[in-house]
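Me: I am new to this structure and would like to learn how to read a few of its features. Could we take them one at a time?

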Amino acid sequence: MTSTEPDTQTKPEPETQIKTPTEIMTQALAHLKRLVLTGFMGAGKSTIGRLLAARIGWNFLDLDAHLESRTNATIPQLFEQQGEARFRRLESTALASALGYSNIVLALGGGTPEDLTNRLLLEQTPATFTIFLDAPFPTLFDRCMLQDLGRPNARPVLEDPAAAQIRFERRHPLYRRMAALTIATADQTPAQTVEALLLALTQSRS
């Protein structure tokens, strides 16, 4: 005999799907094609950029290295042979080229944001997210001195520490203004900075 009583058994609620950290990170980056790292010399742009690119499965591009490969000259040679004004024009051309790539972490040169053309390129290129790696000037200067042991004239703009600090103070507001995210690096290892950066990115998209 068939029962005519209503079925009172409730259907189980669907389980809430918990996203893995990788899925959360992928979702946070879904609308982006480029992560751009800016900051003064010694901020760790290249080191952190390589770690970050490896972490998210993207390619890494150092703007200074990109410029050197395009001109067949080192940055110190370009400064010495071309002068800073000409160097900055070459840098702008290299930046426009670099922004044509997708799924890259791009490390800018320390002086790249000083040029209005460069700032406009970064602001107006879609799916591009700029991150400022911040630290006080004494910390950055000491890092550069340690990195450049045995490499004389590796960074011509640091030959005069007082002039270098003036450059830093002039650039600092530009770094902060152009960046969508600022990460303090003074008391963090590169690996810790990458984790802090990824956490901030995922929280900003949650």
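Me: Is S46 buried or exposed?

Reply: A residue counts as buried under 20% relative accessible area and as exposed over 50%, with partly exposed in between. In this predicted model, S46 has a relative accessible area of 24%, so S46 is partly exposed. S46 belongs to helix α2, which spans residues 45-56. Leaving aside residues up to four places away in sequence, S46 touches F60, D62 and A107. The unreviewed UniProt entry carries the annotation "binding site" for S46.

Me: How is the sheet ordered, and which strands are at its edges?

Reply: The sheet is open and has 5 strands in the order β2-β3-β1-β4-β5, with parallel pairing. Its edge strands are β2 (59-62) and β5 (181-184), each of which pairs on one side only. From one strand to the next, the twist averages 25 degrees. Strand β4 (residues 128-134) runs parallel to β5 and is joined to β5 by 4 bridges. F132 stands opposite T182 in β5.

Me: Which strands does helix α3 lie across?

Reply: Helix α3 (residues 63-71) lies across β2 and β3 (104-107), and runs at about 70 degrees to β2.

Me: How are α4 and α5 placed relative to each other?

Reply: Two packed helices are described by the angle and the distance between their axes. The axes of α4 (residues 75-98) and α5 (residues 116-124) come within 9 Å and cross at roughly 5 degrees. Angles under 35 degrees count as roughly parallel, and α4 and α5 are therefore roughly parallel to each other. E91, S92, L95 and A96 in α4 meet T117, N118, L121 and L122 in α5. By class, this contact has 4 nonpolar, 3 polar and 1 charged residues.

Technical notes. Residues are numbered from 1 along each chain as its sequence is written. This is a predicted model: local features need pLDDT of at least 70, side-chain atom pairs count only at pLDDT 80 or more; totals for chains, interfaces and linings use all residues. Side-chain values use heavy atoms; hydrogens and water are left out. UniProt positions are given in the numbering used here, feature names are shortened, and annotations may be inferred rather than shown by experiment. Helices (H or I, at least four residues) and strands (E, at least two) are DSSP runs, numbered from the N terminus. Buried means under 20% relative accessible area, exposed over 50%, partly exposed in between (1.4 Å probe, protein chains only). Contact means heavy atoms within 4.5 Å. Axes are lines fitted to C-alpha atoms, for helices over the stretch in contact, and angles run from 0 to 180 degrees between N-to-C directions. Angles under 35 degrees count as roughly parallel, over 145 as roughly antiparallel, 65 to 115 as roughly perpendicular and the rest as oblique. Ala, Val, Leu, Ile, Met, Phe, Trp, Tyr, Cys and Pro count as nonpolar, Asp, Glu, Lys and Arg as charged, and the others, Gly among them, as polar. Two strands pair if DSSP finds at least two bridges between them.
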